[in-house]
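Biologist: I should like to learn how to read the features of a protein model one by one. Could we begin with a single residue and work outwards from there?

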Amino acid sequence: MRVGLLTGGGDVPGLNAAIRAVVKRGVGEHGHHIVGFRNGWKGVAEGDVQPLTRQDIRNVLPIGGTLLGTARFHPHATEGGLESVLATIENEHIDALICIGGDGTLHAASKIAEAGVKIVAIPKTIDNDVWGTESSIGFDTAVTIATEAIDRIHTTAESHNRVMIVEVMGRSAGWIAATSGIAGGAEIVLAPEQPFDIERVVRFLKHRHRAHASFSIIVVAEGATPAEGTSMDYEMQVGRFGQIVAGGISDRLKHEIEQRTGFDTRVTVLGHIQRGGTPTPADRILGSRFGVAAIDAVTRGETGVMTAIRDGEVVLVPLEEVAGKVKHVPHDLLDVARALA
Ligand code: F6P
């Protein structure tokens, strides 16, 4: 078989582990030809291909990013995009495609599967918001990095008696905020799942600083929003992919906290540091398990599915069931973060 492989959307640590697993198992055990598309769906639309051999995946396991490159490109939302993708698949004689991606890539994968292409998807996103799987490649590394950052911020917060706001990624779901907030012992965790009341945040800080301590750490997901009716002076500007380009939530929080409490407040936006560098063992293992499961599924002819982890087991779930849905943080996890403040 000729099997195409791509990584789409934002990169995450652990992608190379998945690519390596697909190639090792696919070439070594099943005797397939693996063809890599460069830069996600863009590479498929443009016919940008490279053969993937065992040589190409040597020593890639501890390396972050993706050896195939990636891009935010949505074929179904680009004029002629879908047609170009289908033409390449035919011209390159691709029997099946393995797509490693988050919500955008999976959405595109389900559209292309509807057009008759045999697809197996692998979930990756540091945001951990892909529906249908308990975890996605990249999440564990991001939480590890964010927790280490909070630990470091703790000592400087305490020394200077400051309120420190740590902004983590998570546009639609607050998985990184909730888990790194718990692991790092943050006083306040703000996530998109629960719009926050700035009055309560300020009341909490004033009480804490009067009664217990002179510093506080707030972990806020980039997608957290103030509750309806809350007045916050700063206006946010959103870019064309929905990303915040100015006046992000942390700046708005800092402004409000300083105005209302007079506490010295600083902001640290972790940004792409959460997505860079070497993957944790957990992400290498997850990437490897998903890669093997995906190529095995292709070999069996089981397509139109996504690899997922459920109760610790790798399973396959129908692609159409997961595409377009967001897996939110359950309330009990947010409650633990609140209870331990
Ligand atoms: O979707 C994953 C993610 O890391 C989000 O948490 C973040 O908002 C976004 O990607 C950033 O995208 P980009 O790398 O394109 O700026």
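Modeller: In this predicted model, Asp103 has its place in helix H4, which comprises residues 103-114. The UniProt annotation "binding site", from an unreviewed entry, covers Asp103.

Biologist: Is Asp103 buried or exposed?

Modeller: The general idea is to count neighbours: a residue is called buried if 20 or more other C-beta atoms lie within 10 Å of its own. Asp103 has 22 other C-beta atoms within 10 Å, and it is therefore buried.

Biologist: How does Ala297 read by the count of other C-beta atoms within 10 Å?

Modeller: For Ala297 the count is 21, so Ala297 is buried. This residue belongs to helix H9, residues 281-300.

Biologist: With which residues is Ala297 in contact, leaving aside its neighbours within four places in sequence?

Modeller: Such a list shows what a residue meets beyond its own stretch of chain. For Ala297 the contacts are Val120, Glu302, Thr303, Val305 and Leu316. A distance along the chain can be read as well: Gly287 is 10 residues apart from Ala297, and their C-alpha atoms are separated by 15 Å.

Biologist: Let us turn to the strands. In what order do the 7 strands of the open sheet stand?

Modeller: One reads a sheet from edge to edge, noting order and pairing sense. Here the order is S3-S2-S1-S4-S5-S12-S13, and the pairing is mixed. Strand S3 (49-52) and strand S13 (313-318) are the edges; each has a single partner strand, so one side of each has no neighbour in the sheet. From one strand to the next, the twist averages 30 degrees.

Biologist: In which sense do strand S1 and strand S4 pair?

Modeller: Strand S1 (residues 2-7) and strand S4 (residues 96-101) pair in the parallel sense, over 5 bridges. As one case, Gly4 has Leu97 in S4 as its bridge partner.

Biologist: At the level of the whole chain, which domains does the domain assignment give?

Modeller: A domain need not be one continuous segment, as this assignment illustrates: domain 1 covers 2-138 + 279-321, and domain 2 covers 141-275. Taken over C-alpha atoms, the centres of domain 1 and domain 2 are separated by 34 Å. Their contact takes 14 residues from domain 1 and 13 residues from domain 2.

Biologist: How do the residues of the side of domain 1 that touches domain 2 divide?

Modeller: That side of domain 1 has 4 nonpolar, 5 polar and 5 charged residues.

Terms used:
Residues are numbered from 1 along each chain as its sequence is written. This is a predicted model: local features need pLDDT of at least 70, side-chain atom pairs count only at pLDDT 80 or more; totals for chains, interfaces and linings use all residues. Domain bounds come from an automatic or database domain assignment. Two residues are in contact if their C-beta atoms, placed from the backbone, lie within 7 Å. Ala, Val, Leu, Ile, Met, Phe, Trp, Tyr, Cys and Pro count as nonpolar, Asp, Glu, Lys and Arg as charged, and the others, Gly among them, as polar. UniProt positions are given in the numbering used here, feature names are shortened, and annotations may be inferred rather than shown by experiment. Helices (H or I, at least four residues) and strands (E, at least two) are DSSP runs, numbered from the N terminus. A residue is buried if 20 or more other C-beta atoms lie within 10 Å of its own, exposed if 12 or fewer, and partly exposed in between; C-beta atoms are placed from the backbone. Two strands pair if DSSP finds at least two bridges between them. Axes are lines fitted to C-alpha atoms, for helices over the stretch in contact, and angles run from 0 to 180 degrees between N-to-C directions.
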